[in-house]
Amino acid sequence: MKKKLFISLFLFAFSTAIFAQPTFDLGLKAGFNNSKVTFDRDGYTSESIVKYHIGAFGRLGFNRIFVQPEAYFSAKGGEMDGSALDVATRFDYSTIDVPLLLGIKIIDGDRANFRIMAGPVFGFFTSSDIDNEEIFEPQYYKDSYIAFQYGIGADLLGFTLDLRMENTASNIYQQPSSDLDGNNKTFMISVGYSIF
């Protein structure tokens, strides 16, 4: 019964989107990242650090449903501590991130709306550094990664506010000799403005 209800709601939303007049927005965005690098091994604890992101977004909408591609420069990282390390280790890296989000407007007003969104992110490293290279070495950063974002957002008079979580689906760091595989978790706060 639940499956039939879900399929019916999906088909209704899809058919409504097909016959709706499409809208397109393009804008700039910037914000803060609260990110940390995690390793699934005993003796390591992860601490988050605050960095930033800046870039652009587009939004193609069909009634309440929209697709939102983005591209932005993002600085991330984290700190590692614990019994397995002599001194704390800090990861610093930057990427070009390209999310492709699918969303729906829960509240759709003339001047304001509230929305939810989720989708994959394709990240490409532009720089990578580790301040303590006794255990972790920068050469084992990956060239690219795939992540998943999900979150909520609101729009008011051309301004946008987004709150999102990003979890990597593939490793950002992989050291085969010692089986050290690192992932990233990031909480993002973004403010943007639609140019047109």
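A residue is called buried under 20% relative accessible area, exposed over 50%, and partly exposed in between (1.4 Å probe, protein chains only). By this scale F148 is partly exposed, with a relative accessible area of 41%. Y150 is also partly exposed, at 37%. The model is predicted: local features need pLDDT of at least 70, side-chain atom pairs count only at pLDDT 80 or more, and totals for chains, interfaces and linings use all residues. Residues are numbered from 1 along each chain as its sequence is written, and side-chain values use heavy atoms, with hydrogens and water left out.

The structure holds 16 aromatic pairs (rings of Phe, Tyr and Trp, the last by its six-membered ring, with centres within 6.5 Å; planes under 30 degrees apart are stacked, over 60 edge-to-face, the rest tilted). The rings of F39 and F91 have centres 5.8 Å apart and planes at 40°, so this pair is tilted. F39 lies in strand β1 and F91 in strand β5 (strands are DSSP runs of E, at least two residues, numbered from the N terminus). The pair therefore ties together parts that are 52 residues apart in sequence. Both F39 and F91 are buried. The rings of F148 and Y150 have centres 6.3 Å apart and planes at 35°, so that pair is tilted. One aromatic cluster includes F39, F91, Y141 and Y173.

N33 lies in strand β1, residues 22–39. N33 is buried, with a relative accessible area of 0%. A polar atom of its side chain lies 3.0 Å from the backbone oxygen of A75.

Notes
Helices (H or I, at least four residues) and strands (E, at least two) are DSSP runs, numbered from the N terminus. A polar contact is a pair of N or O atoms within 3.5 Å; within protein, one must be able to donate a hydrogen and the other to accept it, and residues adjacent in sequence count only if both atoms are side-chain atoms.
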